[in-house]
Amino acid sequence: LQQTASRYKDYPGSTDALYEIASLYFRKSADYKKGDDDGTRLLRVKAELVCDTAIDRFPYSQGGLNCKHLKALINEKFISFQTEKVNVPGHPFLGSISYANIHKVYARIVQLFSGNDAELSAMYGERLVKYYLALPAIKEWSIELPGDNDKQKHTAEISIAALPPGKYEILISSDENFSTQKNSVSYTTAYVSNLSYVNRSEEHTSELQSPCNLVCRLLLEKK
C-alpha cells in the first residue's frame with residue numbers, strides 16, 4: 001500500500017491506498033492501553049497525518065472524502081462520567097472521567113426531588129439535558145484535564161465538593177454552555193446519604209449500612 005500510494009501519487013487513485021493505510025493505523029489504535037509505548041499510543045496521530053496527505057493531494061477523490069470522514073472520527077470529542085451511587089454527606093467524593101480530544105470540561109450539579117421522577121422517566125438524550133440545565137445549579141466549576149494530544153481515550157479522577165443529603169444530577173460537558181451540538185455531555189445521578197442498601201444474594205441477606213460505617217448494620221433474613 002505504501003508503494004502504491006507513493007508510486008501513483010499524481011493520480012487520484014493513490015488516495016484509496018492512503019485511506020487503507022490510515023484505516024489500518026486507526027483500527028490498531030484500539031489496542032492501546034495506558035503504559036504502552038509511543039508506537040501504539042500515537043497511532044491515531046499517525047493515521048490523521050496520512051489522511052491529511054490524501055486530502056491535500058485530491059480532496060474530492062473517493063479516498064480523499066473517506067479520509068475526511070476518518071479524520072472526523074479521530075478528532076471526535078468523547079466524555080463519559082461516573083461516580084459512586086451513594087456518597088457521604090459533608091465529605092468530598094471522587095468521580096471518574098473518560099475522555100478523548102478534550103482538555104477542559106465544565107461541571108454542573110443540580111438537585112433532584114422525588115416529585116421529578118415520573119416526568120424524568122419519559123425523557124432522554126438532548127431533551128433530558130435541557131431539563132437538567134433549566135434547574136438551578138447547586139455548584140458549577142471547570143476542570144483542566146491532563147492530555148498528550150494523542151487522540152486516545154484517557155481516564156482521570158476529579159474531586160466533587162461536599163454536598164448535603166439529597167439526590168443530585170452531575171453534568172459534565174466540553175462546552176461551557178452544555179450545548180449538545182458538536183459537543184459531548186455526560187450526566188449521572190448521585191445520592192448523598194448516610195445510608196446505603198446492599199443486597200447479598202449468596203448470604204440471603206439484605207443490609208442497610210453507612211458508606212463510612214457510621215451507622216449500625218441491619219440484617220434482614222429473606223424468607
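# A tour of the predicted model

Start with strand 6, residues 154-160, where the side chains alternate between two faces. His154, Ala156, Ile158 and Ile160 point to one face and are buried. Thr155, Glu157 and Ser159 point to the other face and are not buried. Keep in mind that this model is predicted.

**Stop 1: the partner of strand 6**

Add strand 3 to the selection. Strand 3 and strand 6 pair in the antiparallel sense, over seven bridges. Pick glycine 95 and look across: which residue of strand 6 is its bridge partner? The partner is isoleucine 158. Isoleucine 158 also belongs to the buried face of strand 6.

**Stop 2: the loop after strand 3**

Now select asparagine 101. This residue sits in the loop between strand 3 (93-100) and strand 4 (104-112). Check its backbone: phi is near 60°, a positive value in a residue other than glycine. Most residues other than glycine have a negative phi. Is asparagine 101 buried or partly exposed? Its relative accessibility is 22%, so asparagine 101 counts as partly exposed.

Jump to phenylalanine 178 for another case. Phenylalanine 178 lies in the loop between strand 7 (166-173) and strand 8 (185-192). Its phi is near 60° too, again positive in a residue other than glycine. Phenylalanine 178 is buried, with a relative accessible area of 5%.

**Stop 3: the five-stranded sheet**

Display strands 2, 8, 7, 4 and 5. These five strands form an open sheet in the order 2-8-7-4-5, and the pairing is mixed. Which strands are at the edges? The edge strands are strand 2 (86-87) and strand 5 (137-144), each pairing on one side only.

Zoom in on strand 2 and strand 8. They run parallel and are joined by two bridges. Asparagine 87 stands opposite valine 192 in strand 8.

Now bring in helix 7. Helix 7 packs on the sheet and touches strand 4, strand 7 and strand 8. The direction of helix 7 makes about 55° with that of strand 8.

Stay on strand 8 and select threonine 188, which is found there. Threonine 188 is buried, with a relative accessible area of 15%. What does threonine 188 contact, leaving aside its neighbours within four places in sequence? Show Phe81, Gln82 and Thr83, which are among its contacts. Then show Tyr168, Glu169 and Ile170, which are in contact with threonine 188 as well.

**Stop 4: three tyrosines**

Select Tyr131, Tyr132 and Tyr187, which ring pairs link into a cluster. How many aromatic pairs does the structure hold? It holds two. Take tyrosine 131 and tyrosine 132: their ring centres are 6.2 Å apart and their planes stand at 70°, so the pair is edge-to-face. Tyrosine 132 also pairs with tyrosine 187, again edge-to-face, at 5.7 Å centre to centre with 65° between the planes. Tyrosine 132 lies in helix 7 (residues 125-133) and tyrosine 187 in strand 8, so this pair ties together parts that are 55 residues apart in sequence.

Colour the three by accessibility. Tyrosine 131 is buried, with a relative accessible area of 14%. Tyrosine 132 counts as buried at 5% relative accessibility. Tyrosine 187 is partly exposed, with a relative accessible area of 28%.

**Stop 5: a lysine over a ring**

Select phenylalanine 78 and lysine 153. Lysine 153 lies over the face of phenylalanine 78, at 4.2 Å from the ring centre.

**Stop 6: helix 2**

Next, select residues 14-29, which make up helix 2. Helix 2 has 16 residues and reaches 23 Å from its first C-alpha to its last, close to the 22 Å expected at 1.5 Å a residue. Highlight its buried residues, among them Ser14, Ala17, Leu18, Ile21 and Tyr25. An α-helix has 3.6 residues a turn, so residues three or four places apart point the same way. What covers the buried residues of helix 2? The cover includes helix 1 (2-7), helix 4 (43-57) and helix 5 (62-74).

**Last stop: the whole chain**

Zoom out and show everything. The protein chain has seven helices and 11 strands. Of its 223 residues, 39% count as buried. Among contacts in the chain with a separation of 6 or more, 63% come from residues 24 or more positions apart.

Technical notes. Residues are numbered from 1 along each chain as its sequence is written. This is a predicted model: local features need pLDDT of at least 70, side-chain atom pairs count only at pLDDT 80 or more; totals for chains, interfaces and linings use all residues. Side-chain values use heavy atoms; hydrogens and water are left out. Helices (H or I, at least four residues) and strands (E, at least two) are DSSP runs, numbered from the N terminus. Buried means under 20% relative accessible area, exposed over 50%, partly exposed in between (1.4 Å probe, protein chains only). The expected span of a helix is 1.5 Å times one less than its number of residues. Contact means heavy atoms within 4.5 Å. Two strands pair if DSSP finds at least two bridges between them. Rings of Phe, Tyr and Trp (its six-membered ring) pair if their centres lie within 6.5 Å; planes under 30 degrees apart count as stacked, over 60 as edge-to-face and the rest as tilted. A charge sits over a ring if NZ of Lys or CZ of Arg is within 6 Å of the ring centre and within 35 degrees of the ring normal. Axes are lines fitted to C-alpha atoms, for helices over the stretch in contact, and angles run from 0 to 180 degrees between N-to-C directions.
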